[in-house]
Amino acid sequence: MTTAPRPEPLPDTAPLPGTAPQPADAPTSAPAPSSAPAPRSTPTPFSPSRTLATAARVLRQLRHDPRTIALILVVPCVMIALLRYVFDARPETFNSIGASLLGIFPMITMFLVTSIATLRERTSGTLERLLTLPLGKADLISGYALAFGLLAIVQSALVTALSVWVLGLDITGSAWPLLLVAVLDALLGTALGLFVSAFAASEFQAVQFMPAVLMPQLLLCGLFTPRDTMQPALEKISDLLPMSYAVDGMNQVLTHPDLTGDFLRDVIVVSGCALLVLALGAATLRRRTR
């Protein structure tokens with residue numbers, strides 16, 4: 001009895017039954033694309049072009065806000081004029097405190113405007129959308145500081161010109177150092193406003209920071225009494241506050257015809273404090289707003 005021959009086993013490369021044979025040089029299937037997202041490019045820490053673009057955007061917004069413009073440019077002029085005529089019978093009193101207030105009024109107004117404007121962009125979600133773009137925190141803070149700094153220069157020039165050439169503020173030195181200190185004080189107020197806006201959840205809270213940040217400096221800056229006549233502990237505290245050096249710089253212009261070493265020290269301290277607060281503002285800037 002003969003047996004049927006057993007079928008040969010299929011080679012490993014043979015096609016399965018019921019499928020068309022593939023040529024030997026057929027390309028293999030491409031691997032599945034990876035689901036990992038492409039790496040996101042990290043923006044450079046600082047870019048002048050992005051800073052200028054941010055400043056231009058802020059200025060365009062302020063152009064359509066006449067109340068803010070009035071608060072920055074008109075209110076300090078009205079306050080210094082009101083002070084002049086409050087002491088109408090004693091012009092020497094206006095001469096003694098008017099120069100100091102040239103630095104205090106711009107600092108207060110720029111603090112209020114900057115803190116509220118920055119907080120408004122944070123609570124509206126604008127700040128969060130901006131930070132999703134290739135925009136560094138330093139670009140954002142520098143852009144805000146540049147925009148409000150330009151307004152601070154205009155504000156300080158108006159208040160100084162009104163005080164010296166219209167209201168008759170008597171100063172021994174030139175008006176240009178007076179303008180310089182006024183501009184630096186306004187920039188310091190801008191930097192403080194940007195900094196404290198990171199810790200406020202509403203515009204009301206931003207306004208509440210003013211008594212905590214500015215009022216102690218106002219009381220200890222030497223406006224009401226010389227700092228060396230204060231209680232020793234308070235005098236030491238006043239040595240650490242930037243408004244004290246702003247008032248000292250104004251008094252140097254009031255009493256000295258030439259620039260003094262103390263005036264240069266005061267200018268350096270106020271400028272350094274403004275830069276330090278701006279750096280802290282960039283460091284505390286949060287990406288998420290809610």
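**View 1. Aspartate 266 is buried and pairs with its neighbour in a salt bridge.** Aspartate 266 has a relative accessible area of just 2%, which puts it among the buried residues. Its partner in this predicted model is arginine 265, and the N to O distance between the two side chains is 2.8 Å. Arginine 265 is partly exposed, at 39% relative accessible area. So one end of this bridge is buried, while the other is partly exposed.

**View 2. Arginine 227 and aspartate 248 form a salt bridge.** Here the closest N and O atoms are 2.7 Å apart. Arginine 227 comes from the loop between helix H9 (215-220) and helix H10 (232-238), and aspartate 248 comes from helix H11 (residues 242-255), so the bridge ties together parts that lie 21 residues apart in sequence. Are the two residues buried or exposed? Arginine 227 is buried, with a relative accessible area of 14%. Aspartate 248 is buried too, with a value of 17%. The cut-off for buried is under 20%, so both residues fall on that side of it.

**View 3. Aspartate 65 and arginine 120 meet in a salt bridge.** The N to O distance for this pair is 4.0 Å. The contact links distant parts of the chain, 55 residues apart: aspartate 65 sits in the loop between helix H1 (48-63) and helix H2 (66-73), and arginine 120 sits in helix H4 (residues 91-123). Aspartate 65 is buried, at 15% relative accessible area, whereas arginine 120 is partly exposed, at 42%. Pull the frame back and Glu203 joins in: Asp65, Arg120 and Glu203 are linked in a network of salt bridges. For the wider tally, the structure holds seven salt bridges.

**View 4. Five nonpolar residues form a patch on the surface.** The members are Leu52, Leu59, Leu146, Leu150 and Ile153, and together they have about 400 Å² of accessible area. H1 and helix H6 (137-166) are the elements that give two or more residues to this patch. Which of the elements gives the most? That would be H6, with three residues. Take leucine 150 as a sample residue to look at: it lies in helix H6. With 40% relative accessibility, leucine 150 counts as partly exposed.

**View 5. Phenylalanine 195 and phenylalanine 199 make an aromatic pair.** A pair of aromatic rings is described by the distance of the centres and the angle of the planes. For these two rings, the centres are 5.2 Å apart and the planes are at 70 degrees, an edge-to-face arrangement. The count of aromatic pairs comes to one. Phenylalanine 195 is partly exposed, at 21% relative accessibility. Phenylalanine 199 is partly exposed as well, with a relative accessible area of 46%.

**View 6. Arginine 84 sits over the rings of tyrosine 85 and phenylalanine 94.** How far is the charged end of arginine 84 from the centre of the tyrosine 85 ring? The distance is 5.4 Å, with the charged end placed over the ring. Arginine 84 also lies over the face of phenylalanine 94, and there the distance to the ring centre is 5.9 Å.

Note on methods: Residues numbered from 1 in each chain as written. Predicted model: local features only at pLDDT ≥ 70, side-chain atom pairs only at ≥ 80, totals over all residues. Heavy atoms only, no water. Helix = DSSP H or I, 4+ residues; strand = E, 2+ residues; numbered from the N terminus. Buried < 20%, exposed > 50% of the residue type's maximum accessible area, 1.4 Å probe, protein only. Patch = residues over 30% accessible without salt bridge, like charges linked within 9 Å, V, L, I, M, F, W, Y side chains within 5 Å. Areas by Shrake-Rupley, 256 points an atom, 1.4 Å probe, with all protein chains shown as cover. Phe/Tyr/Trp six-rings, centres within 6.5 Å; stacked < 30°, edge-to-face > 60°. Lys NZ or Arg CZ within 6 Å of the ring centre and 35° of its normal.
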